[in-house]
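Please look over the sequence and the 3D structure shown below before reading the report.

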Amino acid sequence: MTEPSGPAARVWRSRLLDYLDGHAADMVADLADLVQVPSISGTPEENAIQGVLTERLAGAGLDVDAWPIAMAETLAAEDFPGMEVDRAEAWGTVGRLPGTGDGASLMLNAHVDVVPPGDLDPWGDQVPFCGTVGADAVYGRGACDMKAGLVAALWTVRACAALGVPLRGDLILATVIGEEDGGLGTYAMLRRGWRADACVIPEPTSLDIAPGSSGALTFRLTVRWDLPIPIELGTIAAGDWASSVPGLLTSHGRMGVAIGEDVAAARRALEDTVAEASAADPWLRENPVEVQWQGGQFAPGLTDADAVIIGTVGRAHAAVSGRPQAMWGTPYGSDLRLMTNMGSVPTVHYGPGDARLAHAPRESAPIGELLTAARALTLITLQHCGVR
Ligand SMILES: [Zn+2]
């Protein structure tokens, strides 16, 4: 089977694909437009873009749930996955296209935050948030990770809403903040009670399917210094003045956690290794390195290989693309683990753009993959939610 079956589904399939083809230029313009919003994690623009998307989802005719995330209460929760930037205000946005209630619900989950542009030199004459449209790609920070996927998802729900497709199951688009620094947005969305029978996160996978993600735990090492007759190392990162004795050395790091590996055991392994190294050194024995786990805590996540959504995504991709699809787990952390571990929602990554360009200078997303992703997500919707 390569496409949703049944006469009604076949009619809707071709009408939806025609609609998307007719709006290809609008999709590209939308991507350029959204890249120009510098929605760096923790900045006011992260909330501003949620406002823009709330309006667009409401304008498309969806039921929209937009709410201010109760920060103090959320951050105090025991299973809160961590945060690396300060936020006084944060917004959740979910748009729902109601189905007739007798089909499976599908969530498309896309994060709106992007990482900072970093050192500007490698960008050359390109402005990081330019949103420039080239012959084959749209350029700028966030184009690949993951505003191209966001736009593909946005046009999937727009197409279904505009044509009045009588879906059986609900189609839900969650736009989330804070993915890059721990997953606040998806965490808060799940705490609010949003769930679906399956979820696709259109993170950049070059249209491969990635049903798992590795974990990443952020930590800080602290060495307290109290040296009476020091040999100064005034230029080490710990110091702030050449003739001052640094009182403290801190080192921030990130440790990968393999899919299937236990987070507590992984933490213990690092703590034990640091403790052993401290014990082996005469000075560190008296001044042991302290390990603190702080910032984003990305546990690994995995969707079962026999989950229905995996086959659905594979078939939809094959129907709209001639490129064979590989399956892998992402070597980085993502919101997938919150959806699978906390939400119990079978979830895969499937989206446009090369993940190697994410977080990199001169980031871009290929227009061809953006359009293919929108077509595939629409077929996934038809197949998964069903149509009357
Ligand atoms: Zn991402």
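The report that follows goes from the whole chain to the metal site, and then to the core and some single residues.

## The model as a whole

This is a predicted model, and the statements below should be read with that in mind. The protein has 11 helices and 14 strands, and its C-alpha atoms fill a box of roughly 85 × 45 × 40 Å along the principal axes. A compact globule of 388 residues would have a radius of gyration near 21 Å, and because the protein has 23 Å, its value agrees with that expectation.

Of the 388 residues, 53% are buried. The accessible surface comes to about 16,100 Å², and carbon and sulfur atoms account for 54% of that area. Among contacts with a separation of 6 or more, 85% are between residues 24 or more positions apart in the sequence.

## The zinc site

Which residues hold the zinc ion as protein donors? They are His111 through NE2, Asp145 through OD, and Glu203, which is listed with OE twice, and these donors lie 1.9 to 2.5 Å from the zinc ion. Along the chain, the donors follow the spacing H-x33-D-x57-E. Asp145 belongs to helix H5 (residues 143-163), whereas Glu203 belongs to the loop between strand E6 (198-201) and strand E7 (209-213), so that this pair, 58 residues apart, links distant parts of the chain. Both Asp145 and Glu203 are buried.

The angles among the four donor atoms run from 55 to 144°. Four donors count as tetrahedral if all angles lie between 85 and 135 degrees, and the site of the zinc ion is classed as irregular. For reference, the ideal angle for four tetrahedral donors is 109.5 degrees.

A further detail concerns the backbone at one of the donors. The peptide bond that leads from Asp145 to Met146 is cis, with omega near -10°, and Met146, like Asp145, is part of helix H5.

## The loop between E6 and E7

The loop that carries Glu203 also holds Thr205 and Leu207. Is Thr205 buried or exposed? Thr205 has a relative accessibility of 1% and therefore counts as buried. Leaving out residues up to four places away in sequence, Thr205 touches Ala210, Trp328, His349, Tyr350, Gly351 and Gly353.

Leu207 has a positive phi of about 70°, although it is not a glycine. Leu207 is buried as well, with a relative accessible area of 4%.

## The nonpolar cores

The largest nonpolar core has 91 residues, and the members that touch the most others are Leu106, Met107, Val165, Met189, Val200, Ile309 and Ile380. Helix H5 gives the largest share of this core, 14 residues. Apart from this core lies another one of 12 residues, among them Phe219, Met255, Val263 and Val289.

Ile380 shows how such a member is surrounded. When neighbours within four places in sequence are left aside, Ile380 is in contact with Leu106, Val200, Ile309, Thr312, Val313, Ala316, Tyr350 and Cys385. Among these contacts, Leu106, Val200 and Ile309 also appear in the list of core members that touch the most others.

## A covered helix

Helix H6 (residues 184-191) is mostly covered, since seven of its eight residues are buried. These are Leu184, Gly185, Thr186, Tyr187, Ala188, Met189 and Leu190. Where does the cover of these residues come from? It includes strand E1 (63-68), helix H4 (71-76), E2, E3, strand E5 (171-176) and helix H10 (336-342). After H6 comes Gly193, whose phi is positive, near 110°.

## Two further loop residues

Ser105 is found in the loop between strand E2 (91-97) and strand E3 (106-111). With a relative accessible area of 13%, Ser105 is buried, and beyond its neighbours within four places in sequence it is in contact with Gly169, Asp170, Ala196, Asp197, Ala198 and His384.

Arg362 lies in the loop between strand E13 (347-349) and strand E14 (364-366). Its phi is near 55°, a positive value in a residue other than glycine. At 37% relative accessibility, Arg362 counts as partly exposed, whereas Leu207, which also has a positive phi, is buried.

Conventions
Residues numbered from 1 in each chain as written. Predicted model: local features only at pLDDT ≥ 70, side-chain atom pairs only at ≥ 80, totals over all residues. Heavy atoms only, no water. Donors = N, O, S within 2.8 Å, 3.2 Å for Na, K, Ca; no water. Tetrahedral: all angles 85-135°; square planar, octahedral: opposite > 155°, others 65-115°. Helix = DSSP H or I, 4+ residues; strand = E, 2+ residues; numbered from the N terminus. Buried < 20%, exposed > 50% of the residue type's maximum accessible area, 1.4 Å probe, protein only. Core = buried A, V, L, I, M, F, W, Y, C linked by side-chain atoms within 4.5 Å. Contact = heavy atoms within 4.5 Å. Rg over C-alpha atoms; globule rule 2.2 N^0.38 Å. Areas by Shrake-Rupley, 256 points an atom, 1.4 Å probe, with all protein chains shown as cover.
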